[in-house]
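Visitor: I would like to see how each label here is earned. Please take me through the reasoning.

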Amino acid sequence: MRSLAKLTPCPVLIDNEWSVPETAAHSVVCNPSSGETIAEVPMCGAVVVDAAVQAAHAAFPAWMETPPIERARVLFRYKMLLEENFEALSESVTREHGKTMTEARGDVRRGIEVVEYACGIPELLKGDSLENIAPGIDCHTVRQPLGVCVGICPYNFPVLVPMWMFPLAIACGNTFIFKPSEKVPLTGIRLIELLIDAGLPPGVMNIVHGGRECVDALLEHPLVRGVSFVGSSEIAKRIFEVGTKHGKRVQAAGGAKNFVFVMPDAHVEKTVDGLVDGAFGCAGQRCMAASTAVVVGSAAEQFVGPLKDAVESIQVGRTDRDPAAQMGAVITREHRERVIGLVNEGVASGAELLVDGREVNVPGAPDGFYMGPTVLDRVEDRMKICHDETFGPVLNVMRFEDFDDAVETANRQAYGNGACIFTASGKIAREFSHRIQAGMVGINVGVPAPLAYFPFSGWNYSFFGDLHVQGREGVMFYTREKVVTSRWHNVGEGEIWHTD
Ligand code: NAD
């Protein structure tokens, strides 16, 4: 098979054939570090989507019947290919996303861990059994795949988020259509080239590209059975509504606004490190980013000064060229303007600019999409910046006299992805983790993102559906349970019959 992934425009993959569809509209992929255009994405519509769904549907019966251990063997080979291509994949992430190489390697490593988890599929698919539920009657359960599943991904983790979806989906016996973010399709294409090289039969894995038109065609297609979506909340909510209306099983993870509590007894240095990494890692473009530092009581006096110093020391630079760069650009020029607009609104509504990153000069990259780390102090519940997801390098600081008030304010937020606390008190940590309305809690951990074997467990406006990605919930999402109740009678010789 010819490799097309390095060419522009980006190819689709249908039935193990790469091709570039003719489409009326295209979108461009940029290197955020330089602002250069590096690829062009065909915005596919219903015709291309239908071809991909038909290929996936045709491949499903044979793939479903393939023994789980044989499906796992493809993933074992895939894992080896991912390791061999680890640095090249990380470079690709840095080039199209703008993360530092350390962050890009983290994206690839976390993704590989999901593949490793999926390699255990024979064990993960095992059901329950109980004999003698009544005299001579036994009962057991099996898990069977749904059929054609689709995955619609955001731009911020070009490896990890797709890996939340397709390795488990195909390990469970489903066939799959992957729609990468049109902002970062190149790494996704390479991921699938490697999967095909690992020996996946034609039609089991397919890729299409596009935006709303493409996604709507996937959501409305009668042969699609399962939809995994990760992206912003308004779109996640719509995906859930449209997908379920068309009879699909849907898991749709949305945006976030994560609160990090800092108690007066917390370890100053480690807390500042945790906050800085949580807020400014990946230039704040993480659904588990620390958005708001909630400083309680006298914590403000101890932490705000060291926090300001640490943030001011962050080196913003060309992550694709400069290994010393600690923070890269944001994904697009429009996104930078949006984030700066939110900061301006925060200042206009009374927040104090503790660190102002709105203007930043990166030598040799006048057209890069850079914004410096920014801290807004004395943010209040009434302000828009307190509630809107910024998804950029901006940390709010809110000051509270009382822990209970702080918890109530945090619990009034619409989102419910992550929440953290830094404290030396087991009692207060326990109280926090019990009462806080968020699905993923960190205790003296700045970014409590669960690894492959736990669900990525957003709540409230951060998640629409029942079963999350990753871990056992991922296996449950991509399978249906069947309960078999059996009783056997003696049969006379003449009544024995065969199916083959
Ligand atoms: P996005 O919502 O703009 O796009 C996500 C996907 O939806 C893309 O593939 C895009 O092509 C598609 N899309 C865009 N508009 C659409 C429309 N109108 N109808 C149907 N599909 C559409 O998100 P993004 O900017 O790529 O990613 C950032 C967002 O993702 C943030 O809100 C972040 O919090 C969220 N995110 C959440 C998680 C989580 O686990 N909860 C993880 C990563 C990112």
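Visitor: What makes the backbone of Cys153 and an oxygen atom of the ligand a polar contact?
Guide: First, the model is predicted. A backbone N or O atom of Cys153 lies 2.7 Å from a ligand oxygen. The cut-off for a pair of N or O atoms is 3.5 Å, so this pair counts as a polar contact.

Visitor: How do you know that Gly231 qualifies too, through a backbone N or O atom and an oxygen atom of the ligand?
Guide: The distance is 3.3 Å. That is within 3.5 Å, so the pair qualifies.

Visitor: What does the backbone of Gly254 meet on the ligand?
Guide: A nitrogen atom of the ligand. It is 2.7 Å from a polar backbone atom of Gly254. The limit is 3.5 Å, so this is a polar contact.

Visitor: Which residues are closest to the ligand?
Guide: Cys153, Glu182, Ser232, Gly254 and Glu389, out of 28 that surround the ligand.

Visitor: Where do the two domains run?
Guide: Domain 1 covers 4–254 + 462–484, and domain 2 covers 259–443. Their C-alpha centres are 31 Å apart.

Visitor: How do you know that domain 1 and domain 2 touch?
Guide: 20 residues of domain 1 contact 26 residues of domain 2. Contact needs heavy atoms within 4.5 Å, so these residues meet that test. About 1800 Å² is buried between the domains, with 56% from carbon and sulfur atoms. Ser33, Tyr155 and Ser462 supply 29% of what domain 1 buries there, more than any other three residues.

Visitor: What kinds of polar link join domain 1 and domain 2?
Guide: The salt-bridge rule finds zero across the interface. Eleven residue pairs are in polar contact.

Visitor: Which element gives the most to the side of domain 1 that touches domain 2?
Guide: Helix H3 (86–97), with three residues. Strand E3 (26–31) supplies at least two. That side divides into five nonpolar, eleven polar and four charged residues.

Key:
Residues are numbered from 1 along each chain as its sequence is written. This is a predicted model: local features need pLDDT of at least 70, side-chain atom pairs count only at pLDDT 80 or more; totals for chains, interfaces and linings use all residues. Side-chain values use heavy atoms; hydrogens and water are left out. Domain bounds come from an automatic or database domain assignment. Buried area is the accessible area (1.4 Å probe) that two parts lose on being put together, summed over both. A salt bridge is a side-chain nitrogen of Lys or Arg within 4 Å of a carboxyl oxygen of Asp or Glu. A polar contact is a pair of N or O atoms within 3.5 Å; within protein, one must be able to donate a hydrogen and the other to accept it, and residues adjacent in sequence count only if both atoms are side-chain atoms. Helices (H or I, at least four residues) and strands (E, at least two) are DSSP runs, numbered from the N terminus. Ala, Val, Leu, Ile, Met, Phe, Trp, Tyr, Cys and Pro count as nonpolar, Asp, Glu, Lys and Arg as charged, and the others, Gly among them, as polar. A residue is near a molecule or strand if one of its heavy atoms lies within 4 Å of it.
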